[in-house]
Amino acid sequence: MSIKIIKKGICDTFQDEGRFGYQHLGINPNGAMDSIAMQIANNLVGNPQNTACLECFFPAAQIQFDKSCLIAISGANFTPYLNDEAIQINKPYFASEGSILKFTKPTNGMCCYIAVRGGFKLDNWLDSFSTNMIAKTGGYNGRSLLFGDNIHFKETINQKSFNFNWQVNPNDFYSAKNEILAIKGPEWDFLTKEAQSEIETTIFKLGNNCNRMAYTIDSNLQKEKNNEVLSSGVAKGTIQLLPNGKMLALMADHQTTGGYPRILQITAHSLPQFAQMQPNSNFQFKLVTIEDAKKLLENQLLNLQKIETACLLKLNDYF
């Protein structure tokens, strides 16, 4: 074994970018809630960006390393400690054999990602190592981690110690404004004119029920009468209008189709920001065009590529 779970968390699963091309069969894509944080964690240890990481929500698992490894944590800051010493996120660390990683307090964010150099030995299902808890496959036995689970590394490192004096600053990927960019959905015109105006001017709040399947958004929007919609395809970031006027933002474990009006679609650029918002957080929508959304995503991917290159250059001094 390479790591052992000595205390289970609320929901710790292995996720890569997701499982695509099978939604027509009713198979949801899964994948990381925050793909940016997952990729940065991989960059920090020199992995390919789509290497599966351990995604954790708070309270997160407590982990014992039975083999030495290079690790990095990105995404939410749950105040991590390695061998009872506080460590920083977005920075690589050497975890020696017998080390224990624990998380003590949620400071910000919703989910964090733990990467190890070389990755974990996991179950591949339909071209992805992401955990599908409905089908009970992929990742580690198709489920969240439990006390006593042992997961192996794909490779081991022989060095006895490392000291790193650099880290990644991911602030450019997350707006301090809590402004979520979105484009109009296929059923945008189902909303009344007043509701459309509310979308662009109201400060909304996430509800208490937020998980890998969907985030609830407190609202009281109205739609035009007698507008019905057949069950249609949905995606991560699709925002549906519920009969009670609230909104439902579909997340990584979303169903493949839905029968509620799809009034908005969160841009791929804004999805990491939205995924890291905690229940009861306030935010505001900003409507953008598809062309603008594409440009923003292109710039985001370019910045990720720069981080990947910089990390590889730094790691070349050690490997």
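Reader: Let's start with strand pairing. In strand 9, which residue is the bridge partner of Y81?

Author: The general idea first: strands of a sheet pair through backbone hydrogen bonds, either parallel or antiparallel. In this predicted model, Y81 has K102 of strand 9 as its bridge partner. That match belongs to the pairing of strand 6 (residues 80–82) with strand 9, which is antiparallel and runs over three bridges.

Reader: What other strand is joined to strand 9, and by how many bridges?

Author: Strand 4 (residues 62–65) is joined to strand 9 by two bridges, and the two run antiparallel. If you want a residue to click on, try I63, which stands opposite L101 in strand 9.

Reader: And the faces of strand 9, which residues are covered and which uncovered?

Author: In a regular strand the side chains alternate between the two faces of the sheet. Follow strand 9 along residues 100–103: L101 and F103 make up the covered face, while I100 and K102 sit on the uncovered one.

Reader: Okay, now a whole sheet. What is the strand order in the open sheet of five strands?

Author: The order is 2-3-10-5-8, with antiparallel pairing. Its edges are strand 2 (12–15) and strand 8 (92–95), each of which pairs on one side only. On average, neighbouring strands of this sheet are turned by 30° against each other, ignoring direction.

Reader: How many bridges join strand 5 to strand 10?

Author: Six, with strand 5 (residues 69–77) and strand 10 running antiparallel. A handy pair for finding your place is S74 and Y113, since Y113 of strand 10 is the residue opposite S74.

Reader: Which helix lies across strand 5?

Author: Helix 1 (residues 35–45) does, and it also lies across strand 2, strand 3, strand 8 and strand 10. Its direction is at about 155° to strand 5.

Reader: Let's do helices, then. How do I read the length of helix 4?

Author: Compare its end-to-end reach with what its residue count predicts. Helix 4 (residues 290–315) has 26 residues and spans 37 Å from first C-alpha to last, close to the 38 Å expected at 1.5 Å a residue.

Reader: Which residues of helix 4 are buried, and what covers them?

Author: A293, Q300, L304, I307, C311 and L315 are buried. Their cover includes helix 1, strand 5 and strand 12 (179–184).

Reader: For helix 2, where do the buried residues sit around the axis?

Author: Start with who they are: A195, Q196 and I199 are the buried residues of helix 2 (residues 193–201). They span an arc of only 105° around the axis, so they lie on the same side of helix 2. K193, E194 and T201, on the other side, are exposed. Among the elements covering the buried residues are strand 13 (203–210), strand 17, strand 19 (262–266) and strand 20.

Reader: Now the cysteines. How many disulfides does a search of the whole structure find?

Author: Zero. C69, for one, is in no disulfide, and the nearest cysteine sulfur, in C53, is 13 Å away. C69 is also buried, at 3% relative accessible area.

Reader: Why is C111 not bonded to C112?

Author: Because their sulfurs are 7.8 Å apart, too far for a bond, even though C112 holds the cysteine sulfur closest to that of C111. C111 is buried too, with a relative accessible area of 0%.

Reader: What about backbone oddities? Which peptide bond is cis?

Author: For this one, look at omega. The bond from F58 to P59 is cis, with omega near 0°. P59 is in the loop between strand 3 (53–57) and strand 4.

Reader: And where is N141, with its positive phi?

Author: N141 has phi near 55° without being a glycine. You'll find N141 in the loop between strand 10 (108–116) and strand 11 (150–151), and it is partly exposed at 43% relative accessibility. N280 also has a positive phi, about 75°, and is not a glycine. N280 is in the loop between helix 3 (271–275) and strand 20 (282–287), partly exposed at 39%.

Reader: One last loop: is T256 buried or exposed?

Author: Buried, at 13% relative accessibility. T256 is in the loop between strand 17 (247–250) and strand 18 (257–258). Leaving aside neighbours within four places in sequence, T256 is in contact with Q23, G26, I27, N28, S232, G233 and V234.

Technical notes. Residues are numbered from 1 along each chain as its sequence is written. This is a predicted model: local features need pLDDT of at least 70, side-chain atom pairs count only at pLDDT 80 or more; totals for chains, interfaces and linings use all residues. Side-chain values use heavy atoms; hydrogens and water are left out. Buried means under 20% relative accessible area, exposed over 50%, partly exposed in between (1.4 Å probe, protein chains only). Helices (H or I, at least four residues) and strands (E, at least two) are DSSP runs, numbered from the N terminus. Two strands pair if DSSP finds at least two bridges between them. A disulfide is a pair of cysteine sulfur atoms within 2.5 Å. Axes are lines fitted to C-alpha atoms, for helices over the stretch in contact, and angles run from 0 to 180 degrees between N-to-C directions. Contact means heavy atoms within 4.5 Å. The expected span of a helix is 1.5 Å times one less than its number of residues. The arc is that of the directions from the helix axis to the C-beta atoms.
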